[in-house]
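Dear colleague,

I am handing over the structure we spoke about, and my notes on its pockets, one of its helices and two backbone positions follow below it. Please read them with the model open beside you.

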Amino acid sequence: MPEFDLDIAAVGRMLRPRNPEGNKSTFGHALLIAGSWGMAGASVLAGRACLRSGVGKLTMHIPRANNDIVQISVPEAIVHHDVAGSPCFSEAVPLESYRALAVGPGLGLHPSTCQALARQLQLCRQRPTMPLLLDADALNILSQHPELWDLLPEGSILTPHFGELARLLRLPLENLLKDEEDCCRMVAEMAARQRVTVVMKGAGTRLFSADGRCARCPWGNDGMATAGSGDVLTGVILGLLAQGYPSFEAACMGVSLHALAGDDAASRLGRHSLIASDLVEYLPQAFLRLHG
């Protein structure tokens with residue numbers, strides 16, 4: 001399988017110029033379904049990262065119990081709740097108003113959440129051209145309910161770390177870690193079979209497209225191995241999808257911006273003290289690097 005390294009110039013060429021006469025509708029409306037009671041932080045990190053990615057509008061569908069935290073932490077976002085007031089995601093969200101959807105950060109595995117995700121994916125099938133990203137507990141639910149694979153629209157993006165990937169592939173984690181080449185082969189086959197983009201997160205994050213492309217991210221550092229880092233990545237990619245970037249392109253750009261922000265943050269703050277919130281704060285600097 002041919003593999004290529006991402007580079008600043010190539011990723012920079014993907015970045016489209018902003019429309020100087022645009023408005024918030026011009027730059028897309030994203031929907032983020034995230035959080036559960038005790039996991040509001042995941043939705044906050046993903047939401048703030050999405051807004052830093054250039055999106056025009058963001059709606060966050062969260063449990064009512066997390067309302068005050070999110071309203072205060074992400075004041076730029078529109079907040080939406082389940083009507084029933086559940087402490088977790090339990091009601092699918094109509095999609096007519098949105099240009100892209102991400103589901104998963106901090107979602108939890110409550111049975112009502114599993115049912116709601118199934119209903120949400122059914123709605124996504126009715127809008128097959130709307131980009132979808134699944135992360136974190138959405139991936140864990142997918143691994144527990146493999147019948148949901150059939151509901152994923154082509155071009156969806158999955159962003160597993162190795163633990164989530166092992167569950168998706170139904171293999172022991174140690175089997176994935178002991179043979180890098182075989183692991184990449186299985187992920188590439190999964191991406192082609194399901195017609196999705198897979199972002200295999202970790203040191204030297206790799207991206208696999210449905211049509212057989214494989215890219216490796218040469219940036220990033222061990223300071224990014226911290227809780228919430230993946231939530232930030234989800235937000236960045238979601239914002240790019242809502243702006244109209246194709247799935248594999250949005251994934252490559254999102255991974256690059258995330259890693260470059262991590263390197264810039266580490267160079268100023270050190271790797272030992274890096275936290276996920278720092279990645280959000282350094283995203284503007286990462287965009288400037290892509291602009292050249």
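**The two largest pockets**

The second largest pocket has a volume of about 290 Å³, and, as with everything in this message, that value is computed from a predicted model. Of the 16 residues that line the second largest pocket, those closest to its centre are Arg16, Pro17, Arg18, Gln243 and Tyr245. The element that gives the most to this lining is helix 12, residues 283-291, which supplies four residues. Sorted by class, the lining of the second largest pocket holds seven nonpolar, six polar and three charged residues.

The largest pocket, for its part, encloses about 680 Å³ of space. It is lined by 35 residues, and Lys201, Met224, Ser229, Gly230 and His258 are the closest of them to its centre. Two or more lining residues come from each of helix 5 (137-144), helix 6 (162-169), helix 9 (229-242) and helix 10 (247-269), with helix 9 giving the largest share, four residues. By class, the lining of the largest pocket divides into 16 nonpolar, 13 polar and six charged residues.

**Helix 10**

Helix 10, which is among the elements lining the largest pocket, has 23 residues and spans 32 Å from its first C-alpha to its last, close to the 33 Å expected at 1.5 Å a residue. Helix 10 is also mostly covered, in that 18 of its 23 residues are buried. Directly after helix 10 comes Gly270, which has a positive phi, near 90°.

**Two arginines with positive phi**

Which loop holds Arg170? Arg170 is in the loop between helix 6 and helix 7 (173-178), and although Arg170 is not a glycine, its phi is positive, at about 60°. With a relative accessible area of 55%, Arg170 counts as exposed, because the cut-off for that class is over 50%.

Arg195, likewise not a glycine, has a positive phi of about 60°, and it is found in the loop between helix 8 (180-194) and strand 8 (197-200). Is Arg195 buried, partly exposed or exposed? Its relative accessible area is 35%, and Arg195 is therefore partly exposed, since that class lies between the 20% and 50% limits.

With kind regards

Technical notes:
Residues numbered from 1 in each chain as written. Predicted model: local features only at pLDDT ≥ 70, side-chain atom pairs only at ≥ 80, totals over all residues. Heavy atoms only, no water. 1 Å grid on protein atoms, 1.4 Å probe; cavity = no way out; pocket = protein on both sides within 12 Å on 5 of 7 lines; lining within 4 Å. Points joined across faces, edges and corners; volume = space filled by probe spheres on them. Nonpolar A, V, L, I, M, F, W, Y, C, P; charged D, E, K, R; others polar. Expected span 1.5 Å × (residues − 1). Buried < 20%, exposed > 50% of the residue type's maximum accessible area, 1.4 Å probe, protein only.
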